Amino acid sequence: KHKELKDNSASRTIVMDYNEMADRLERGRRSFDKVADKAESARERAARKKAALEKEKERRALFDKHDLDKDGKLSREEVIAFSKSEHGFDVPEAVLSKIMSVLEPVAYERFHPLHQKVAIAKFEAQARVKRAEEEERKRVLAERRQAVQGILDEADALVVSAEDGISKGEAEAKPLSREREMPADDMKELAASAQTLVSKAFEDLKTVREKLTKVEADCAANPELRDFEKRDVPRLYHRQDRAQRRAEYVADTLERALERAERQARAEIDQKYTESVIAIHKQMAADGKTSEQVFNDVAGDSDSISCEKFAAFVKGVPDFKLAENQAQRLFEHVAEEGADLSKDRFLDIIRLYYKCVKSTVCSEELRIKSKTVRRLDVGEILEALGAPATEEGAGVQRVRCQAWEDNATGWVTICGNQGTPFLVQHGNFLSMGPKKPAAPAKMEESLAPAADAAEEGKSQETDAAPPATEEQPTKTDAEEPAEAAVGDSGDVTPAPVAKESSGADASEEAPDAAAEGGEDKGGAAPAE
């Protein structure tokens with residue numbers, strides 16, 4: 001409407017009237033608001049006054065309640081009862097004295113200050129308790145943290161000790177891991193020293209894991225210790241696992257080394273045993289004694305040989321040396337479960353065996369031209385029945401033996417006068433298995449190099465093949481090789497001699513014997 005008015009006198013009058021009415025309306029609204037505010041304030045004052053009066057009434061009632069003697073003031077006993085009843089607080093004597101010195105006599109006018117002072121005293125007492133509890137909690141936490149840190153420090157020191165022990169064990173085990181040649185005793189000593197270090201490292205690492213498990217349990221029970229679990233525990237677990245793998249590797253190396261040392265120790269003592277038997281047989285040949293006589297000399301008046309007597313005996317054998325404690329180990333090697341050596345056992349252990357590495361013959365007597373027992377094939381095992389002796393005619397060493405296969409007994413040439421081997425030493429009693437036609441596998445392996453050498457020598461020799469005699473029906477005339485063959489080296493294979501008999505048999509024996517004896521002296525080979 002205001003916009004529709006035109007610019008004329010009437011319109012201006014209307015506008016002025018309108019503005020005046022609007023101002024009057026605004027002044028009236030403001031006056032109403034003031035009156036409403038005053039009314040609200042008065043209402044609030046009345047409410048507060050009412051509440052104060054009610055509070056005052058309640059306070060008066062409360063004062064009257066604790067003023068048991070109704071003298072209009074509260075005594076010390078009544079103040080103590082008031083504190084217990086309204087605040088649940090036992091006022092300390094010092095605090096009560098201080099309050100009473102300020103408020104006494106505690107009339108109604110001082111009842112509210114009394115209320116406030118008791119409340120403040122209660123708050124301060126509670127605050128002191130809370131501070132003491134907090135200090136105690138911090139103290140306990142500090143002790144726990146110190147204890148956990150101590151456990152971690154111990155675990156760290158154990159890891160360092162284990163790592164140092166493993167490093168030393170690795171250094172000592174290094175020679176053992178390279179399959180280096182060294183005596184079994186040295187290997188055992190190195191392995192034992194390294195094993196001690198590694199075993200100590202295993203114990204330390206086990207203790208480390210136990211300590212870390214305890215730290216984890218403590219951290220799980222107290223959240224304020226979780227920083228150890230997140231920071232130190234994983235680091236130590238990593239070091240412990242790495243050291244554990246290193247220790248296990250060294251332990252495996254030492255285990256293999258000890259097994260190798262045990263095998264080598266058995267091989268060394270077995271070799272010493274074989275050498276002792278050879279040396280004993282050599283001494284028996286020099287002294288002209290039998291095995292029984294040697295036993296009687298060693299045993300003396302006893303019917304068995306003790307370890308001390310055995311050690312003294314083998315140490316006195318010429319051309320035979322023993323290291324420290326080897327005599328006792330040698331006795332343990334040959335004795336039956338540590339018992340003294342009986343006569344039968346002693347005779348068994350000093351037996352010596354040979355292996356035929358080139359086919360030859362076995363004769364009844366030392367001289368080559370004696371009667372033939374039978375031919376020996378390559379690989380046959382023979383037991384020496386005495387010491388080697390020299391055949392004067394051919395100048396070769398021969399030994400009286402018994403065949404392992406059929407117990408055939410006779411003299412066999414050990415080596416030709418040009419160095420061709422026919423027999424090689426093949427161990428002793430302990431390396432023999434049960435008696436059977438085939439040679440024991442252990443014997444086959446122990447002299448494989450010698451047999452190979454003999455076969456090589458055999459392949460280089462050319463044997464002539466005269467017809468066989470009727471005394472050897474197992475081979476045809478075409479199959480029988482020459483009874484005396486001279487190789488490129490000039491060595492002569494001892495030829496079997498026909499059984500001594502009259503007539504034609506005797507005439508056939510002489511050329512063969514001459515071939516075995518004469519050709520070994522360097523004679524020419526018979527024409528093909």
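A salt bridge here is a side-chain nitrogen of Lys or Arg within 4 Å of a carboxyl oxygen of Asp or Glu. With that in mind, let's walk through the charged side chains of this predicted model. By this rule, the count comes to 33 salt bridges, and a few of them make good stops on a tour.

Start with E224 and R137, which form a salt bridge with their closest N and O atoms 2.7 Å apart. This pair links distant parts of the chain: E224 sits in the loop between α5 (184-221) and α6 (226-287), while R137 belongs to helix α4 (residues 111-173), and 87 residues separate the two. How buried or exposed are the partners? E224 is partly exposed, with a relative accessible area of 37%, and R137 is partly exposed too, at 35%.

Next, look at R239 and E163, whose side chains meet in a salt bridge at 3.2 Å, N to O. R239 lies in helix α6 and E163 in helix α4, so this pair ties together parts that are 76 residues apart in sequence. Both R239 and E163 are buried. They also have company: a network of salt bridges links R145, D156, E163, D227, R231, D232, R235 and R239.

For a pair within one helix, turn to R59 and E56. Their salt bridge has its closest N and O atoms 3.6 Å apart, which falls within the 4 Å limit. Both residues lie in helix α1 (residues 9-66), three residues apart, or about one turn of the helix. E56 is partly exposed, with a relative accessible area of 33%.

Our last stop is a charged residue without such a partner. E78 lies in helix α2 (residues 76-87). E78 is buried yet has no salt bridge. Which side chain of opposite charge is nearest to E78, and how far away is it? It is K70, 8.5 Å away, whereas a salt bridge calls for a nitrogen and a carboxyl oxygen within 4 Å.

What does the side chain of E78 reach instead? It comes to 3.1 Å from the backbone nitrogen of L68. A polar atom of the E78 side chain also lies 3.4 Å from the backbone nitrogen of D69. Leaving aside neighbours within four places in sequence, E78 is in contact with H66, D67, L68, D69 and K73. When you have the model open, E78 is worth viewing together with L68 and D69, whose backbone nitrogens lie at 3.1 Å and 3.4 Å from its side chain.

Methods: Residues numbered from 1 in each chain as written. Predicted model: local features only at pLDDT ≥ 70, side-chain atom pairs only at ≥ 80, totals over all residues. Heavy atoms only, no water. Helix = DSSP H or I, 4+ residues; strand = E, 2+ residues; numbered from the N terminus. Buried < 20%, exposed > 50% of the residue type's maximum accessible area, 1.4 Å probe, protein only. Lys, Arg positive; Asp, Glu negative; His and termini not counted. Polar contact = N/O pair within 3.5 Å; in protein donor to acceptor, adjacent residues only side chain to side chain. Contact = heavy atoms within 4.5 Å.
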